[in-house]
Amino acid sequence: MHRTTDPGNPNNIQVGDVYEDCSFHPVLCIAVDEVAGVVLSGISLIDGTYPRSCDALHCGPIRIRIEDVMAIKQDLNGYARRRKEELRIGDGT
């Protein structure tokens, strides 16, 4: 199935996808609210917290592979440090 990219949801995250939220948690997407922008809501696959919500455009959530969730869960702090460094380098700061 081909998905059309929505400018408010550039990574085209949909219900059922696993994405990285603003706190670097892998999150199972359970809702996509398109009323005021595109807000993704889900359940953390680290600690079960919910609802975890991100703005699909401004928070920059990315889709992650389910196979990577256990590695992230084993060292969330290390994963978050690596991702912050990647984002810092990507921003050129």
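The following exchange examines how several descriptions of this predicted model are justified.

Me: What is the mean pLDDT of the protein chain, and how many of its residues reach 70 or more?
Reply: The mean pLDDT is 89, and 94% of the residues reach 70 or more. Among the elements, strand 1 (residues 18–20) has the highest mean, 96, and helix 2 (residues 76–91) the lowest, 90.

Me: Why is Ser44 called buried?
Reply: Its relative accessible area is 3%. Buried means under 20%, so Ser44 qualifies as buried. Ser44 belongs to strand 3 (residues 39–44).

Me: What makes the approach between Ser44 and Ile46 a polar contact?
Reply: A polar atom of the Ser44 side chain lies 3.0 Å from the backbone nitrogen of Ile46. The cut-off is 3.5 Å, and therefore the separation of 3.0 Å falls within it.

Me: Which residues is Ser44 in contact with, leaving aside its neighbours within four places in sequence?
Reply: Ser44 is then in contact with His25, Pro26, Val27, Thr49 and Arg52. Val27 also stands opposite Ser44 in the pairing with strand 3.

Me: Why is Cys22 called partly exposed?
Reply: The relative accessible area of Cys22 is 41%. Partly exposed covers values between the 20% limit for buried and the 50% limit for exposed, so Cys22 is placed in that class. Cys22 is located in the loop between strand 1 and strand 2 (26–33). Leaving aside neighbours within four places in sequence, Cys22 is in contact with Cys54 and Cys59. The C-alpha atoms of Cys22 and Ala80 are separated by 9.9 Å, with the two residues 58 apart along the chain.

Me: How do you know that strand 1 and strand 2 pair?
Reply: Three bridges join strand 1 to strand 2. Pairing requires at least two bridges, so these strands pair, and they run antiparallel. Glu20 stands opposite Pro26 in strand 2. The two strands form a hairpin with five residues between them, and Phe24 in the turn has a positive phi of about 70°.

Me: What makes strand 1 and strand 5 a pair?
Reply: Two bridges link strand 1 and strand 5 in the antiparallel sense. The requirement is at least two, so it is met. Here Glu20 stands opposite Ile62 in strand 5.

Me: How many bridges join strand 2 to strand 3, and which residue of their hairpin takes a positive phi?
Reply: Six bridges join these antiparallel strands. Their hairpin has five residues between the strands, and Gly37 takes a positive phi near 85°.

Me: Why are strand 4 (52–55) and strand 5 (62–63) said to stand at the edges?
Reply: The five strands form an open, antiparallel sheet in the order 4-3-2-1-5. Strand 4 and strand 5 each have a single partner strand, so one side of each is left without a neighbour in the sheet.

Me: What makes a set of residues such as Val18, Phe24 and Ile46 a nonpolar core?
Reply: The residues must be buried, of nonpolar kinds, and joined through side-chain atoms within 4.5 Å. The largest such core has nine residues: Val18, Phe24, Ile46, Ile64, Val69, Ile72, Leu76, Tyr79 and Ala80. Helix 1 (69–74) and helix 2 each supply at least two of its residues, and helix 2 gives the most, with three. A second, separate core of seven residues includes Val27, Cys29, Leu40 and Ala56.

How values were computed: Residues numbered from 1 in each chain as written. Predicted model: local features only at pLDDT ≥ 70, side-chain atom pairs only at ≥ 80, totals over all residues. Heavy atoms only, no water. pLDDT = per-residue confidence, 0-100. Helix = DSSP H or I, 4+ residues; strand = E, 2+ residues; numbered from the N terminus. Buried < 20%, exposed > 50% of the residue type's maximum accessible area, 1.4 Å probe, protein only. Polar contact = N/O pair within 3.5 Å; in protein donor to acceptor, adjacent residues only side chain to side chain. Contact = heavy atoms within 4.5 Å.
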